[in-house]
Amino acid sequence: MVKRSQISNTAARMKLRKLIGSNPVILALLLTSFTPGANAETQINYKLLVGEWSPPGQCNHSRMVYTADGYVQGLWNSNNQWSKMFSTPGTYKPIPQGFIIYNADGAEFRRIYIKKLTTSTLHFNGSNNTAEEIHQKCPTR
C-alpha cells in the first residue's frame, strides 16, 4: 500500500525536476543555498577564540583572555606586573554571528559580532554597531 506522504513527495520531486530541467540557474541557486558553510557568518569556530587577545601592538599592555570553559578576564600590565581589570571573571556565550560577554553578576556587559576569526586575528563589531575592531592573538606571557 502506498502512503499519502509518498505520493505527495513523488509529485513534489517531479515538479522540481521539471522546473530544474528547464532552468539550470535554479539548480545552481538551490545547490548553493543548501550547502553547509555557505553562510560564513554563522560558521564560527569558537575554539579559535580561546587565548589572549589585544589590539595590534598592545599585547604588552592589556589583554582579554577567553578560556575553553567560557570565562573571560581582562588583564592590564603596569610596570611588568599583570593585574585583573575586574576582580571576578565574567563569562561569554556564543550567539549567531558572535558572542555575549556577561559580568560576574550575570548582567550583559557587551555583545561582540564577529566578522572574521582566524588563529591569529579577530575582526569584530561591538554593541550598537560600533566601528570594526581588530585584535591579534598575543604570545604566551
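Biologist: Are C59 and C138 buried or exposed in this model?

Modeller: In this predicted model, C59 is buried and C138 is buried as well.

Biologist: What makes C59 and C138 a disulfide?

Modeller: Their sulfur atoms lie 2.1 Å apart, and since the cut-off is within 2.5 Å, the pair of C59 and C138 counts as a disulfide. By this rule the count for the structure comes to one disulfide. C59 belongs to the loop between β1 (51–54) and β2 (62–66), whereas C138 belongs to the segment after β9 (133–137), so the link ties together parts that are 79 residues apart in sequence.

Biologist: What is the handedness of the link of C59 and C138?

Modeller: The angle about the S-S bond is -85 degrees, and the link is left-handed.

Biologist: Why is R63 called buried?

Modeller: R63, which is found in strand β2, has a relative accessibility of 4%, and because buried means under 20%, R63 counts as buried.

Biologist: Which backbone oxygens does the side chain of R63 reach?

Modeller: The side chain of R63 reaches the backbone oxygen of C59 at 2.8 Å and that of P139 at 2.9 Å, and with the cut-off for a polar contact set at within 3.5 Å, these distances satisfy it. Leaving aside residues up to four places away in sequence, R63 also touches a list of residues that includes C138, W82 and R141.

Biologist: What makes the pair of Y66 and F99 edge-to-face?

Modeller: A search of the whole structure finds three aromatic pairs, and one of them is Y66 with F99, whose ring centres are 5.5 Å apart and whose planes meet at 80 degrees. Rings pair if their centres lie within 6.5 Å, and planes over 60 degrees apart count as edge-to-face, so the pair of Y66 and F99 is edge-to-face. Y66 lies in strand β2 and F99 in strand β6 (residues 98–102), so this pair ties together parts that are 33 residues apart in sequence.

Biologist: Why is the pair of Y92 and F99 described as edge-to-face?

Modeller: The centres are 5.7 Å apart and the planes stand at 65 degrees, so this pair is edge-to-face. Y66, Y92 and F99 form one aromatic cluster, and its members are buried, with relative accessibility of 6% for Y66, 9% for Y92 and 0% for F99.

Biologist: How do you know that the charge of R141 sits over the ring of W82?

Modeller: The charged end of R141 is 5.6 Å from the ring centre of W82, which meets the distance limit of within 6 Å.

Conventions: Residues numbered from 1 in each chain as written. Predicted model: local features only at pLDDT ≥ 70, side-chain atom pairs only at ≥ 80, totals over all residues. Heavy atoms only, no water. Helix = DSSP H or I, 4+ residues; strand = E, 2+ residues; numbered from the N terminus. Buried < 20%, exposed > 50% of the residue type's maximum accessible area, 1.4 Å probe, protein only. Polar contact = N/O pair within 3.5 Å; in protein donor to acceptor, adjacent residues only side chain to side chain. Contact = heavy atoms within 4.5 Å. Phe/Tyr/Trp six-rings, centres within 6.5 Å; stacked < 30°, edge-to-face > 60°. Lys NZ or Arg CZ within 6 Å of the ring centre and 35° of its normal.
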